[in-house]
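This report covers how two chains meet and what lies inside each of them. Please look over the structure first.

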Amino acid sequence: MALLSRRLLQSLFVIAGVTVITFITLHLGGDPTYLYVSERASEAEISATRAKLGFDQPLGVQYLRFAEGLVHGDLGDSLIYRTPAIGVVLERFPATLELTFCAMLIALALGIPLGVLAALNHGRPLDGGIMLLALLGQSIPSFWLGLLLILSAGLKFRWLPISGRVPLLEPLFAGDFAVAWSNLPHALPYLAMPSLTIAFFSMARTARLVRSSMLEVLSQDYIRTARSKGLSNYRVIVHHALRNAWLPVITMLGLEFGFLLSGVVVVETVFSWPGVGRLVFNAINHRDIPLVQASVIMFSLVFVSLNLAVDLLYARLDPRIRLR
Amino acid sequence: MTEPATTPRSIRPNSMSGKGGLRGGAARLIMALISLSLLGTSLLCGAPAPSQAQAQAQAQAQAQAQAQAQARAQAPRTLRIGLAVDVDTLDPAELDAQESENIAHLLWGTLYKTSSDGKLDPYFAQSSSLSADGRAYTFKLRPDLKCEDGTPLNARDAAYSFEHPADPAMKFTGHAAGFVLPALQYTGVHVDDPLTITVKFKAYNPIALGLLSEMFIFCRAPYEAMSREQAATHVSASGPYRLVEWRHDDHVLLERNRNYSLPAPMYERVLFRIIPEGSTRTAELIAGNVDIITNVTPDQIDAINDTDTAKVESVASIRRIYIGFNQKDKFSATPGGKAIRDPKVRRALQFAVDVPTLCDALLRTPCRRAATMIFPPNDHTGISADPYDPDRAERLLDEAGYRRGAGGVRFEITLQTPRGRYPNDVNMALAIAQYLGDIGVNTKVEVLDFASAFVPLIRKHDAGPMFLSGTSGASWSALYDMSDFPSPDGGANYTNFADPEFFAGWKKLEQTRDPAEQASIIRAMMTVFHERGTWLQLYFLPDMYGVSNKISWQPRADQLISLD
C-alpha cells in the first residue's frame, strides 16, 4: 500500500512536470495569434483575435487558467477544430490504441521466440541471422519501412490496402459487439502494414533483450542443476529459464508501449491512420496549443499509468522490490 | 518556356475510357428520341421553319445537352478525392482553411460564384444592384432555393448568413468574421422582401461583390437550433451535396442533395479521403483507389506521369511567390539592409535571378513568371517580367555604389525562408542565394520553422532584410491582388513599402468608378511598384494535382476543387 501511494504521488509529480514543460515549450515560439488571422488582417483585427483566444494574458495567468481547467477536465478548445481539445483527442484515441496494441502483440509474438532461438543457438549462424534482423529492425527508419511496404505489399502485389482504417475499438467501446465483430475481417488488412511497421523496431529490441536475458539465465547454476536432474530441454527452457528471463522483459513492456505510442506519430501519417499521433503532428504544425497540451497529457497519462502498473506487477513478481 | 494556360475547370468522364459505354449508348439513344420528338412536335404544331442561325444554335444546344447527358451517364457514381489535410470545421460561419472551403462550396451556395476564368456569375442571387452612394448592395434571390430539409430558403436565411458570423457574441475568427466582413466594412443587412436583401457597408468598396461572393448562404432554423460545437460537425446544406459522414482525419462523404433545385451535380457521391503523406497519396492514385489527389510534390511528378493510370495536371495558382525586401529602419544597421533601401539595388537583384531555370530545376514544371503582383489574366498593365541579365545586375550595383570589394563581395545580406511552407522553398532560397552570390552579393540563408518562427516574424513585418514568401490573390480582381498594400502599415505589406506615389493611387481609385480610369491608375501604381523593385518577383505557384485517367478534370487557379 505504501509503495502504491508513493508511486501514485510520484506519477502526479511527473504529470504536473509534463504540463509545465509542455506549456513553456509551446509558448517559446512567440505569439500564436498570427496563425489564426488572415494574411491581410489589420493590427486591430489581430489584437481582437488575440483577446478572443486569451493570448493577451501574461504567461503565468495563462498557465494557471490552463491548470484550473485541467483539474476540471477542461483543456480548452482546439484552435483548429474549434471544439473541446480533450474531446478531439479522445475521439482519435481508440485508433491509436488499436494500432499500438496490435504492434505490441506482433513485437512480442515475434520478438520473444526469436530471442529464445538466438540464445539457444548462441554463436551459430541462426543467432547471427536473428541478430542481423534485429540490427535492421533498429536501424531502418519507420517511415521508410512504411513506404517500402506500401510500394510492395500495397501497390505492386495489391495484397493489402495502402492506407485508411476500419474502426474496431469504437463500436466495442460503444457496446456494439456485433458491429465490432463484423468489422474485424475488414479491419485486419488495414491494420497489418502500419502495425508491422511499428512492431519491427520493437520486435528487434525485444529479441535482443530476451536473448541476452536468456543467455544470462542459461549460464546460472540452477539451470545446470535442472539439466543434471534429467529434465527435458523444453521444461528447462520454458519452466526454469524463460520464467526468470521474464523480469527484464516485463520491465521493458511499459517503456516499450510508450515508445510504440511515440512511434505512431510518423506511421499514422504515412498510412493515413486517423489517430492521436497524426493529430499531434498536425497540431504542432498549426501551433494548436490546447490540442498539443491535451494530446501530450493524454500520452503522459497512459505512459505513467502503464509504468505504474508494471512497477506494481514487478513488485508482485519480485519480493525484493517490496522490501526496498 | 511555355506557360500553362488557365483552362476552364471542367470535370467530365474521359471519352477514351472504356467504362460506361452501355450507359453512354443509352444516353445517346434517349437524346436522339428527345430530338426526334421535338422535331415531330414542331412539325405537327406547324411551327415556322427556323432560320439557319437558329438551327445552328439549336444544334449546338442539343450537342451540348447531349455531351452533358453523356458525361453524366459515363461518370462514376462516386468521385474520390485524396486531400492532404483534414477539414477543420464545417460550420459555415467559421470556415477558414482552403480544404474546408473546398468541401463547403459543395455544401452551401453563395450569392455570386467565381467562374474558372475569374468572372462573377449569379448563383443564389438572380441579380444585384449597387446603391448610388456605393455603400449598399441589393440582391434578388432565386425563388426556387431550398434548404436540405426541403423548406424554402428565403431572404431571412440569406440575411442570417451575414448576421450570424458578424455577431460579436459568437467570437468567430474564420474567413467571414476575420476577413470578409471587416474588409467590406460591413455595417448590417436588411431584409427588403421575402426574396431581397440589402447588405450595407461603411464606404464604397470596388471589390465588394467579389468579397460578398465568399459568404456562404445557409438556412437559419437549423443553425439557430444548434450549439456552436454542434454546428462544427452537423451540416445543414443548401448546395448541391449534403454531408453523409465526416470521420476526422479519415474521410468526408457527401451525397447529392435531393432538395437542391439548381442543375443536379454530376456525381452521386463525393468521397474526400484524408491522406497526409504525399507518397501515400500518389500510391493510392496509381492503384486506382482515388480519382484526384491534391498537393503533388515535384518529386512525385514522374512517378505519376510514368504510369498509364494517372497524370499530373498543373495550373498557375493565384499564390504569388516572391522575395520581399524589408525596408524597415531596423535593418539599416546591416550592410544588406542598408543596400536594399536603394531601388536600384533591388532592381539589380531581380535581374540576377534566372526564374525559369529555378522552376524547371526545383519545381519540375514550367511556371508562370510574375511581372507584377496581379494575376496575369487580370493584369492589363503591359509590364513585363525582368529577364535574367546578370551583367545588367552588376552594372546597376556598380552605379548604386556597391562595387565588388575584397573577395569580389559587394555586400552581405540575410535571406529568411520558411521550411516546408511552399514546394521546395528551402532549396529555392539556397539557389537564389547562389545567383546573388554570383553577382557579388554574399547571401546567408536562414531557415525558419513556418508556424513557430516565420509567421510571428513576418506578421509583425520583421522578417528580413530579405525573405521568401507567398501571398494569395484572387482570380477575379486586380484590386484584390493589390490589397496586400492598402497602406504603408497594411496587414500584408511585409516589406514596409511606403512610396507616397503608389499609395496616392488608392485615393484616386476611391474617387472613380470608371473602369478605364481605374485601369489607368492601376497601371501607374504597378509601374511604381515594379520600378522601385519592391518584390523580387518569382512566379505564380504551380498547383499540381494527380488525376486518374478514368476522368478528365482541370484544376482552377483559385485552388478550388470544382465539380461543375
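Chain B brings 50 residues to the contact, and chain A brings 37 residues. The model is a predicted one. Together the two chains bury about 3,700 Å², with 53% of that area on carbon and sulfur atoms. Three residues stand out on chain B: His248(B), Asp249(B) and Arg459(B) supply 17% of the area that chain B buries against chain A, more than any other three residues.

**Polar links across the interface**

Two salt bridges join chain B and chain A. In a salt bridge between Arg92(A) and Asp249(B), the closest N and O atoms are 3.3 Å apart. Asp249(B) thus appears twice, in this salt bridge and among the three residues that lead the buried area of chain B. Seven residue pairs are in polar contact across the interface, both partners being at pLDDT 80 or more.

The side of chain B that touches chain A draws on helices and strands alike. Helices H5 (175-184), H9 (278-286), H16 (450-459) and H17 (478-482) each supply at least two residues, and so do strands S13 (269-274), S15 (310-325) and S19 (466-472). The classes on this side of chain B are as follows.

| Class | Residues on the chain B side |
|---|---|
| Nonpolar | 17 residues |
| Polar | 15 residues |
| Charged | 18 residues |

**Nonpolar cores**

In soluble globular proteins, nonpolar side chains tend to be buried together. Here the largest nonpolar core has 71 residues. Phe139(B), Phe162(B), Ile197(B) and Phe502(B) touch the most other members. Helix H19 (residues 515-531) of chain B gives this core its largest share, six residues.

What does Phe139(B) touch, not counting residues up to four places away in sequence? Its contacts include Leu111(B), Tyr112(B), Ala125(B), Leu195(B), Ile197(B), Val199(B), Leu209(B) and Leu212(B). Ser127(B), Ser128(B) and Thr196(B) are also touched by Phe139(B).

A second core, separate from the largest, has 66 residues. Tyr81(A), Ala134(A), Leu191(A) and Ile289(A) are among them.

**A covered helix in chain A**

Helix H11 (residues 276-285) of chain A is mostly covered, with seven of its ten residues buried. The buried residues are Val276(A), Gly277(A), Arg278(A), Leu279(A), Val280(A), Asn282(A) and Ala283(A). Within chain A, they pack against helices H4 (85-120), H10 (233-270) and H12 (289-317). They also pack against S13 of chain B, a strand that supplies at least two residues to the side of chain B touching chain A. Just after H11(A), Arg287(A) takes a positive phi of about 50°.

Note on methods. Residues numbered from 1 in each chain as written. Chains lettered and ligands numbered in written order. Predicted model: local features only at pLDDT ≥ 70, side-chain atom pairs only at ≥ 80, totals over all residues. Heavy atoms only, no water. Contact = heavy atoms within 4.5 Å. Buried area = accessible area lost by both parts, 1.4 Å probe. Salt bridge = Lys/Arg side-chain N within 4 Å of Asp/Glu carboxyl O. Polar contact = N/O pair within 3.5 Å; in protein donor to acceptor, adjacent residues only side chain to side chain. Helix = DSSP H or I, 4+ residues; strand = E, 2+ residues; numbered from the N terminus. Nonpolar A, V, L, I, M, F, W, Y, C, P; charged D, E, K, R; others polar. Core = buried A, V, L, I, M, F, W, Y, C linked by side-chain atoms within 4.5 Å. Buried < 20%, exposed > 50% of the residue type's maximum accessible area, 1.4 Å probe, protein only.
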